[in-house]
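Me: I am new to reading protein models, and I would like a close look at one small part of this one. Please start with a single residue and then walk me on from there.

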Amino acid sequence: MKYAIGLMSGTSLDGIDSSLVEIEGNGINTKFKEKFFNCYSIPKDIKREIHDSMDLEKSNVALICSLNYKLGKLFADACIELCYRADIPIENIDFIASHGQTIYHNPYNVKNYVPSTLQIGEPSIIAYNTKTTVISNFRGRDIAAGGQGAPLVPYLDYILFSKYKKNIAIHNIGGIANTTIVPSTGKKDDILAFDTGPGNMIIDGLCMELKGLEYDKDGQVAKSGKINYKILEKMMNHSFLKKLPPKSTGREDFGMNYVRKLIGENPDVTSEDLIATATEFTALTMAEAYKSFVLDKLKLDELILCGGGAYNSTLLKSLQGHLKEVKVSTMEDHGMNSFSKEALAFAILGNECLNNIESNVKSATGAKDYVVLGDITYS
Ligand SMILES: Nc1ncnc2c1ncn2[C@@H]1O[C@H](COP(=O)(O)OP(=O)(O)OP(=O)(O)O)[C@@H](O)[C@H]1O
Ligand SMILES: CC(=O)N[C@H]1[C@@H]2OC[C@@H](O2)[C@@H](O)[C@@H]1O[C@H](C)C(=O)O
């Protein structure tokens, strides 16, 4: 039995999700128990630097170089706080699996750029400050094998849900929304997984720009507004939605540039109506993804939601309305935590790396080969 910490700083920038996990075994026989979860806040100035380093107009190499080390220290602090809160000495931790902060993700050949992705948060700084072995850089080897380097969580979905022998979709609503469909065959090669488009990213951006709010708590703002169907129709023409899976996206498509353009193009629409429309857009892109790419191949027995957006009731109501024939539930209905799944996934992926076991799902990332994910920085 090992103690591991999984760290995920996702696209929402709401904090560093930190999960303390007890792990035994490996591969499909991995047994694990989540012991403690904490979301470690990211200070406002560092959040600003992350936003700036992702923005092609504001970013520069000096900023990214410094931020890599700053985030390494922040991730180490997140581990120290997690252990303190869980009342476990950090010396008892066998390894830390750190996803890092995605600064840029471009899995396609565009102009002179080759498929690439960048997660930062210097692992040597984490290892030095925690005196613990760190596994990081999980996406690189999948890209090397011709994949998109994302999504990687389908491996955990495979371990968790292949034994159900049902057609189950697990839809994560983080900054970006991504789904994994584990079919009743339970076979890894039959898994379908892809990003469906924005999760909370546009809603959060509008809340921030128009209302000074971090997010639309429980979907209350959206509930008070009216959907503008003309704007919605235009939003649904986004080219990402038409791409065939495997596909992945990020802030490059649906981040602050998108949000500011949406606000700029619709000066006469109220904040509430714009947030209602963005919420409907998010729900519709999720539902349409099943209609276009999944439901013609199989009948879904259940759709399980996770990620912070699972708490947005306006979004959930709309999604259920668009997918009347599917049973919609949340991770909590299955005895798990909607917020901690990605951090947990990286703890499991870190364990596979230490055991030299391949952990990408080829049908999810589009890679040619199964490969071992992650780099090891020993304590
Ligand atoms: N009660 C709530 N009501 C509505 N939305 C919520 C609520 N709680 C959290 N959220 C949303 O969830 C977001 C955080 O979700 P999560 O931590 O799953 O994202 P992430 O891991 O950063 O993203 P990704 O999965 O794209 O990497 C917040 O930014 C907010 O938009
Ligand atoms: C490049 C990157 O960081 N992608 C994230 C992002 O957040 C959600 C979605 O977009 C998914 O593709 C991925 O993260 C999860 C953890 C994954 O790899 O499964």
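Reply: Let's begin with glycine 321, which belongs to helix α13, residues 313-322. Keep in mind that you are looking at a predicted model. Is glycine 321 buried, exposed or something in between? Its relative accessible area is 32%, and partly exposed covers the range between 20% and 50%, so glycine 321 counts as partly exposed. Now find alanine 287: along the sequence 34 residues separate alanine 287 from glycine 321, yet their C-alpha atoms are 9.3 Å apart in space.

From there, let's turn to the aromatic rings. The structure has 7 aromatic pairs. In one of them, phenylalanine 138 and phenylalanine 346 have ring centres 5.3 Å apart and planes at 65 degrees; angles over 60 degrees count as edge-to-face, so that is the name for this pair. Where do the two partners sit in the chain? Phenylalanine 138 is in the loop between β6 (133-136) and α4 (140-144), while phenylalanine 346 is part of helix α14, residues 341-354. The pair therefore joins distant parts of the chain, 208 residues apart. Both phenylalanine 138 and phenylalanine 346 are buried.

Another edge-to-face pair is made by phenylalanine 161 and tyrosine 164, with 5.2 Å from centre to centre and 70 degrees between the planes. Which of these two is buried, and which is partly exposed? Phenylalanine 161 has a relative accessible area of 1%, so it is buried. Tyrosine 164, at 33%, is partly exposed.

Rings also gather in a group: Phe240, Phe254 and Tyr258 make up one aromatic cluster. Phenylalanine 240 has a charged partner too, as the charged end of lysine 247 sits over its ring, 4.5 Å from the centre. Just before lysine 247 in the numbering is proline 246, placed in the loop between α9 and α10. The peptide bond from proline 245 to proline 246 is cis, with omega near 0 degrees. A cis bond also runs from alanine 150 to proline 151, with omega near -10 degrees, and proline 151 is in the loop between α4 and α5 (154-161).

Lysine 131 is another charge over a ring: its charged end sits over tyrosine 128, 5.5 Å from the ring centre. You will find lysine 131 in the loop between α3 (123-130) and β6. With a relative accessibility of 67%, lysine 131 is above the 50% limit and so counts as exposed. Its phi is near 55 degrees, a positive value in a residue that is not glycine. Asparagine 137, in the loop between β6 and α4, also has a positive phi, about 50 degrees, without being a glycine. Asparagine 137 counts as partly exposed, at 35% relative accessibility.

Our last stop is the second largest pocket, with a volume of about 630 Å³. Its lining has 26 residues, and Leu56, Tyr104, His105, Asn106 and Glu252 are the ones nearest the centre. Which element gives the largest share of the lining? Strand β4 does, with 4 residues. Among the elements that each supply at least two residues are α9 (239-242) and α10 (251-254). By type, the lining holds 12 nonpolar, 10 polar and 4 charged residues. Domain 1 (2-149 + 342-377) and domain 2 (154-326) each contribute at least three residues to this lining.

How values were computed:
Residues are numbered from 1 along each chain as its sequence is written. Chains are lettered from A and ligands numbered from 1 in the order in which they are written. This is a predicted model: local features need pLDDT of at least 70, side-chain atom pairs count only at pLDDT 80 or more; totals for chains, interfaces and linings use all residues. Side-chain values use heavy atoms; hydrogens and water are left out. On a 1 Å grid over the protein atoms alone, a cavity is a set of points where a 1.4 Å probe fits but cannot get out, and a pocket is an open set with protein on both sides within 12 Å along at least five of seven lines; lining residues have an atom within 4 Å of a point. Grid points are joined across faces, edges and corners, and a volume is the space filled by probe spheres set on the points. Ala, Val, Leu, Ile, Met, Phe, Trp, Tyr, Cys and Pro count as nonpolar, Asp, Glu, Lys and Arg as charged, and the others, Gly among them, as polar. Domain bounds come from an automatic or database domain assignment. Rings of Phe, Tyr and Trp (its six-membered ring) pair if their centres lie within 6.5 Å; planes under 30 degrees apart count as stacked, over 60 as edge-to-face and the rest as tilted. Buried means under 20% relative accessible area, exposed over 50%, partly exposed in between (1.4 Å probe, protein chains only). A charge sits over a ring if NZ of Lys or CZ of Arg is within 6 Å of the ring centre and within 35 degrees of the ring normal.
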